[in-house]
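Trainee: Could you take me through this structure with me asking and you reasoning? I would like to talk about cysteines, charged pairs and a pocket.

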Amino acid sequence: MSSRAIVEAMQNAVAGLGVPHPPHVHCNNLGIAGNVETAVATLEATQSLPIHFAHIQFYGYGDGGDRGFSSGAPRLMEAVNKHKNASVDVGQVMFGQTITISGDILRQFDGRHAASPKKWALNQGDGNGTGVVPYNYKPKSFVNALQWAIGLEIFLMAEDPWRVLFSTDHPNGALFVRYPEIFHLLMDKDERARWLDDLPEASREVSNLAGITRELTLSELAVITRAAPAKLLGLTDRGHLAPGAIADIAVYAEQKNKTAMFSAADLVFKSGELVVRKGKVVRVTYGRCYHVEPGFDAQIEKRVKTFYDRYYGVDPSWFGVSDAVTTRRDASRRSQRRDDMAELKVKGVTIIETFAEAFPMVGTRIIITAPTMEWALISARTMTGFATSVIACGAEAGIERTLSRKETPDGRPGVAVLLFTMNADKLQTQLRNRVGQCVLTSPGSACFAGLEGEKSLKLGSSLRFFGDGWQMSKVLGGKRYWRIPVMDGEFVCEDKTGLTKKAVGGGNLLVLGKTHAAVLAACTRAVKAMAELPDVITPFPGGIVRSGSKVGSKYKGQIASTNDAYCPSLKGAVKSELPLNVEAVLEIVIDGLTAEAIHKAMHAGIHAIAKGGAREGVTHITAGNYGGNLGPHHFHLKEIVG
């Protein structure tokens, strides 16, 4: 099922049941530059039924500007204002210490690098989990400053305050004790200007806040913080001051300094009783706790349990590891599961019907030339060294293919190299360092752009300073080239190369077999077949990974550890994914400039692996994923084989 189908079913169910609160949607691509298009696409797909979008600020990011990160608030709010069936809460960010808590465990795992202080906790359960990572939003941070501005822009661009609710996504964006400051910012444009003056100029340039003069009234503030949430939840007895309402009332003395005004209410009434006077508690009252315990058909439990056991959890007995006592029902279920797994075979090798889960990356291609192919390859291999995984290497890189003299800009032997990272800034740093240390230093080398992308990266323009003032540039055919004097002549380097944001990382295949030799031979064939295709690389040594990993470890500070479910030597000690006859597993990881390139590479790889057939000793081909939580690209093996 697609996520769109699930959301539509939820909308129809909520509408049919008459539930006041609409489905509460967290969009895909949280926190990623350019995700405003995901939020808008989700809005467009909601039909005319009610829908609510959570902490929309974290989905209001464009990809404009020099850093590929900008405010997408105007685009987002144009869509929100247009779709009257949608409501949102903002998730305002405030500067200072907070803590992020989320069930999006892989997003939290990725965010652990920015933990401040350096303490974090992740707990992965059966199909779910939680991550707790402390975070300090800093006003001098380009990204943090822009997040702060985007949230305020969303509030101030909303045409209907009844559909834009106040929130900080407590505690992720800010603690609720920061509300008075946010009220002040929304009600006072001069206060916003004072805060803006302290932010990085780069952040101000790609935001729209400075040009917004709107100030929310006290009435509008009451709507977004009280009346609208009550209405959205279907609570008719609160959120207003009409007769019959529960008298939960806060009274403030008017002050110009709204932060001070809202920080201490003069009077607070709870259910009509005065409980606070001039900021001091004068009476303690006790509320009530409500819970819903609806009836249901008890027979559904059996159906759900059977479905769950068969399709969701992992039962080691499906693969030949069983308890001493086995019921007829369990035996039948194992038999059915094996039949399900064996439905798809290529030359006797079972293709497990799962998917490889991959994630967005940014990538580029450069062309390295030299007097001989030997020296071009030496330069390229040196540049792509220690670039297997962004987990520890900073980049993933590899040789795409060799180039003949007719294919290179200077008519010399050449090599095309692909380089991938998680964002443009990291890619720029890795490109500069690797070309500067590995290509510039290599005898007779030159370096050229190999990609026309949506954006550009500095190439020669970041290395020219090595010339110490003796460097020269020349424009030929509309392109700028730099000539940097070195001891064996001149290093020629094109000024810029292209960057693509459509790159994909983490395409993968897991190959299972009876012997190490059989699995290694099959993987070697697959890597060779993939190497003949354009736009992809297999960045690990020889294109093959022996040390597949899982997230986390029992050891503090270890972010990844051995994938014990696929370690043959641990089959009797852990919840193994391996049949008893499997004695070796190897993995192939694929990065590509496009999702289509990954698809083609996996297709070629599967058929190359299966070329020897089951007689060679290869038993299964499967893929690694995190249940769809790691990335938006899902490469289903069943579809790829065809």
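Trainee: How many disulfides does a search of the whole structure find?

Mentor: This is a predicted model, where local features need pLDDT of at least 70, side-chain atom pairs count only at pLDDT 80 or more, and totals for chains, interfaces and linings use all residues. Residues are numbered from 1 along each chain as its sequence is written, and side-chain values use heavy atoms, with hydrogens and water left out. A disulfide here is a pair of cysteine sulfur atoms within 2.5 Å. With that cut-off, the search of the whole structure comes back with zero.

Trainee: Which cysteine has the closest sulfur to that of Cys493, and how far away is it?

Mentor: Cys493 is buried at 0% relative accessibility, where buried means under 20% relative accessible area, exposed over 50% and partly exposed in between, with a 1.4 Å probe and protein chains only. The gap to the closest cysteine sulfur is too far for a bond. That partner is Cys447, at 4.5 Å.

Trainee: And how far is the sulfur of Cys567 from the closest cysteine sulfur?

Mentor: Cys567 is also a buried residue, at 17% relative accessibility. Its closest cysteine sulfur is in Cys523, too far for a bond, and the distance is 15 Å.

Trainee: Turning to charges, how many salt bridges are found in the whole structure?

Mentor: Side chains of opposite charge can pair when their charged atoms come close. The criterion is a side-chain nitrogen of Lys or Arg within 4 Å of a carboxyl oxygen of Asp or Glu. The search of the whole structure finds 22.

Trainee: Asp535 forms a salt bridge with Arg365, so how many residues apart in sequence are the parts that the pair ties together?

Mentor: The closest N and O atoms of Asp535 and Arg365 are 2.7 Å apart. Asp535 lies in the loop between helix H16 (516-531) and strand E25 (536-537), while Arg365 is in strand E16 (residues 355-369); helices (H or I, at least four residues) and strands (E, at least two) are DSSP runs numbered from the N terminus. Asp535 is partly exposed at 23%, whereas Arg365 is buried at 13%. The separation in sequence is therefore 170 residues.

Trainee: Which residue is linked with Arg365 and Asp535 in a network of salt bridges?

Mentor: The network joins acidic and basic side chains through salt bridges. Alongside Arg365 and Asp535, the member you are after is Glu400.

Trainee: Where does Arg525, the salt-bridge partner of Glu616, lie?

Mentor: The side chains of Glu616 and Arg525 meet at 2.8 Å, N to O. Glu616 sits in the loop between helix H17 (595-609) and strand E29 (618-622), 91 residues from Arg525. Arg525 itself is in helix H16.

Trainee: Which element gives the most to the lining of the second largest pocket?

Mentor: On a 1 Å grid over the protein atoms alone, a pocket is an open set of points where a 1.4 Å probe fits, with protein on both sides within 12 Å along at least five of seven lines, and lining residues have an atom within 4 Å of a point. This pocket is lined by 24 residues, with Asp248 among those nearest its centre. Helix H9 (218-232), strand E10 (249-251) and helix H10 (258-263) each give two or more residues. The leading contributor, with eight residues, is H9.

Trainee: Which residue meets Asp248 in a salt bridge?

Mentor: Asp248 is partly exposed at 34% and lies in the loop between H9 and E10. Its partner is in strand E11 (residues 267-270), so the pair ties together parts 22 residues apart in sequence. At 3.3 Å, N to O, that partner is Lys270.
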